[in-house]
Amino acid sequence: MKRLFFLFFLVTTHLADAQNYFDENLSCFDSKIRITEDKLSKLKVAYPGDGNIDVTYYFLDIKIEPSTRYLKGSVQIDFQPLVENLSDISLDLEESYTVDSVVYKNERLGFIQETAQIKINFPAPLVLNDVPASIKVYYQGTTPSLRDKIGLAYTTHGNNQPVIWTLSEPYDAPLWWPCVDNPADKADSCDVWLTLPSFYTAVSQGVLVDLLENTDGTNTAKWKHRYPIAHYLISIAASNYQLLERSFTYGETAAMPVLDYVYPEIANDPRLSPLLDETVEMLSVFSEAFGEYPFIKEKYGHAMFGFGGGMEHQTISSMGTFNTGLIAHELVHQWFGDKVTCKTWRDIWVNEAFAEFGSYYFTEKSEGKAAYNSEVSLAMNGAKFVNGTVAIENTSSVNEIFNFAKTYQKGSVVVHMLRGVLGDDVFFKTLKEFQNTEFAYGNASIEDFKAVAERVSGEDLTYFFDEWLFGTGYPKYFFGWEQTEDNTAWLSIIHSGSEDTELFTMPVELSLTFKDGSSRIEKVFVDANTMIVSLDNLEGELSSIVFDPNNLILKDLSLGSFVPALGTQEEIGFSLYPNPTDGLLKFNTSGKTPYSFKIHNTNGKTMGAGQTDVPLNVKYLPSGRYFILFENDDNKAFVKSFIKN
């Protein structure tokens, strides 16, 4: 189960040197809140990288001498020009490293190494839409100290055993290799070759295609990855790992390796094996919910590293600890964050909110809906402390991007609420559509996800995204009710926002329990700050009405007696008949001026409009309850309901 964390951390508080490898309190968030603002300016000098090129391939060939923290390597970058007559490009690299040369078509190019950038000139302009160009950057230098910079780190585990690892999200990849620092510019594939003393087992993306034993006491591990990948998801991890192997069966007979590179001191810990077994179970659960595991032809697994929490490196999540929630979160990222990556850091909701929701969903599948609801309730408690919008307004702040209450808790609650709005069938169909159509192995914004949800559901969800992703705060409701002798329940639903967003339009479930012991759920679409709703022709006397019984809305709720804050049936001056009906619905207005109205279904979709002086033909409406809505200019509404047989 997730916990609420304080939002201020020093780098050293996250290091796994404390040797608690089964900490229930650590999450993905812990490995990402780590950088102080005074260092950020150096990291963000060039972001979002050179927009004049489209990277198609990265090949990292790196040799590290751990005792001196010295790195020497080359990075091949294949790219397509995006503008005509491209004469120069820029790459992003920390200035601590020295660039020895840049080679293009076997010739050295002129370049200038500036603060955090390499500016490279071509002897002749590159042609738009020509075959991809390929350059190779040779560089070397001492890795910056961990206490000063992140990116590539050297820590220890167990009895002072060394571990080397990387963590690049969001702005740290240039701290250890030259790249285009832009998550939207995915390479089509990558190779990572890592040379280290033979003590180390080196791990990276994809498949290990070769392991060379060199004559100088080093080994070279050659990893090949043939799926699109964002630059910040390329990683290395190396230590005296013990490899634990499992497999995930998909289809009828096919199997994918599940590889876990763990520290020897925990390889036989009885707590570990059940957690790693759960990983295989999670692969089944999430493949059913989101579509086939995105990198099925290669692998999934974990490699331990020296930071608290975890990081969703593609095909091999880095783990500072193991617990069910963290394992689930990082695995869901393989779909949400890796296969489909946020277009900009403003859109981090596309990554983190769905991964956090996914951990709740696994809890639901493994422990039941009550356990899921418990995790959602805990996230709602934290979400109420959020200031500003879930869409990140200040992407220059890493602490803002990875604010736990905002990005993880409120973000995941928004996903939970969208599930309630759409219903499970449409919701999970939307997730599969998002994963497996135009955004597959690409990038998406919040608006892109909204477009998919609207396409699948057939609903206009602007209200939902405007108030929950681009708006602030949450609603505070007052709810009261009474039942009259004609078996009509009168409801008063009044709400205001907690911050700048004043109106929260939402479908609201109501659980009606009758004195004979029967019960059912009704759903009312609330799209005014003050609403008086009549539920007509109920089948008996009510004992209770519970507002939002399944906790589908982030809210505060106050209960009281029915408040006729806007009219009653007599003041509005009309009645509906016959009700229920399967044909014409008529209005008795007692001779008063006709009223204009709109008809909504329980999800808020407008199903028609009219005036009370003309009978309404409902013959072609699907069976169910509908609401006739009358609004005034003060954002107050009177609603009468009818049932279509």
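**Exercise 1. Surroundings of K136**

Determine which residues K136 touches, leaving out those up to four places away in sequence, and classify K136 by its accessibility.

Solution.
- Step 1. In this predicted model, K136 touches S74, V75, Q76, S101, V102 and V103, with residues up to four places away in sequence not counted.
- Step 2. K136 belongs to strand β8, which covers residues 133–142.
- Step 3. The relative accessibility of K136 is 23%. Buried means under 20% and exposed means over 50%, with partly exposed in between, so K136 counts as partly exposed.
- Step 4. For a distance along the chain, take K136 and D338: they are 202 residues apart in sequence, and their C-alpha atoms are separated by 26 Å.

**Exercise 2. The loop between β4 and β5**

Find the signs of phi at K105 and N106, and state whether K105 and N106 are buried or exposed.

Solution.
- Step 1. Most residues other than glycine have a negative phi.
- Step 2. K105 is not a glycine, yet its phi is positive, about 50°.
- Step 3. N106 is likewise not a glycine and has a positive phi, about 65°.
- Step 4. K105 sits in the loop between β4 (98–104) and β5 (107–108), and N106 lies in the loop between β4 and β5.
- Step 5. With a relative accessibility of 65%, K105 counts as exposed. N106 has a relative accessible area of 79% and is exposed.

**Exercise 3. Peptide bonds between β30 and β31**

State the geometry of the peptide bond from Y577 to P578 and of the bond that joins N579 and P580.

Solution.
- Step 1. The general expectation is that most peptide bonds are trans.
- Step 2. From Y577 to P578, omega is near -20° and the bond is cis.
- Step 3. Between N579 and P580, omega is about 10°, and this bond is cis.
- Step 4. P578 is placed in the loop between β30 (575–577) and β31 (584–588). P580 lies in the loop between β30 and β31.

**Exercise 4. The faces of α9**

Compare the span of α9 with the expected value, then work out where its buried residues fall around the axis.

Solution.
- Step 1. Helix α9 comprises residues 424–436, 13 residues in total. Its first and last C-alpha atoms are 18 Å apart, close to the 18 Å expected at 1.5 Å a residue.
- Step 2. The buried residues of α9 are F427, F428, T430, L431, F434 and Q435.
- Step 3. Viewed down the axis of α9, these buried residues occupy an arc of 150°, so they line one face of the helix.
- Step 4. This can be set beside the geometry of an α-helix, which has 3.6 residues a turn, so residues three or four places apart point the same way.
- Step 5. The exposed residues D425 and K429 are on the face of α9 turned away from its buried side.
- Step 6. The cover over the buried residues of α9 includes α3 (272–290), α5 (349–367), α8 (404–422), β22 (443–444) and α10 (446–457).

**Exercise 5. α10 and α6**

Check the spans of α10 and α6, and list what packs on the buried residues of α10 and α6.

Solution.
- Step 1. α10 has 12 residues, which should span 16 Å at 1.5 Å a residue; its end C-alpha atoms are 16 Å apart, in agreement.
- Step 2. Its buried residues are I446, D448, F449, K450, V452, A453, V456 and S457.
- Step 3. Elements covering the buried residues of α10 include α5, α8, α9, β22 and α11 (462–468).
- Step 4. G458 follows α10 and has a positive phi, near 75°.
- Step 5. Helix α6 (residues 369–383) has 15 residues and reaches 21 Å between its first and last C-alpha atoms, close to the 21 Å expected at 1.5 Å a residue.
- Step 6. In α6, A371, Y372, E375, V376, A379, M380, G382 and A383 are buried, and the buried residues of α6 pack against α5 and α8.

**Exercise 6. The whole chain**

Summarise the secondary structure, the burial and the charges of the protein chain.

Solution.
- Step 1. The protein chain has 12 helices and 36 strands.
- Step 2. Its C-alpha atoms fill a box of roughly 100 × 60 × 50 Å along the principal axes.
- Step 3. Of its 645 residues, 60% count as buried.
- Step 4. Of the contacts between residues at least 6 apart in sequence, 70% join residues at least 24 apart.
- Step 5. The exposed area of the protein chain is about 24,300 Å², and carbon and sulfur atoms supply 49% of it.
- Step 6. There are 51 positive and 85 negative side chains, and the centres of the two sets lie 1 Å apart.

Note on methods: Residues are numbered from 1 along each chain as its sequence is written. This is a predicted model: local features need pLDDT of at least 70, side-chain atom pairs count only at pLDDT 80 or more; totals for chains, interfaces and linings use all residues. Side-chain values use heavy atoms; hydrogens and water are left out. Helices (H or I, at least four residues) and strands (E, at least two) are DSSP runs, numbered from the N terminus. Buried means under 20% relative accessible area, exposed over 50%, partly exposed in between (1.4 Å probe, protein chains only). Contact means heavy atoms within 4.5 Å. Accessible areas come from the Shrake-Rupley method with a 1.4 Å probe; for residues, only the protein chains shown count as cover. Lys and Arg count as positive and Asp and Glu as negative; His and the chain ends are not counted. The place of a charge is taken as NZ of Lys, CZ of Arg, CG of Asp or CD of Glu. The expected span of a helix is 1.5 Å times one less than its number of residues. The arc is that of the directions from the helix axis to the C-beta atoms.
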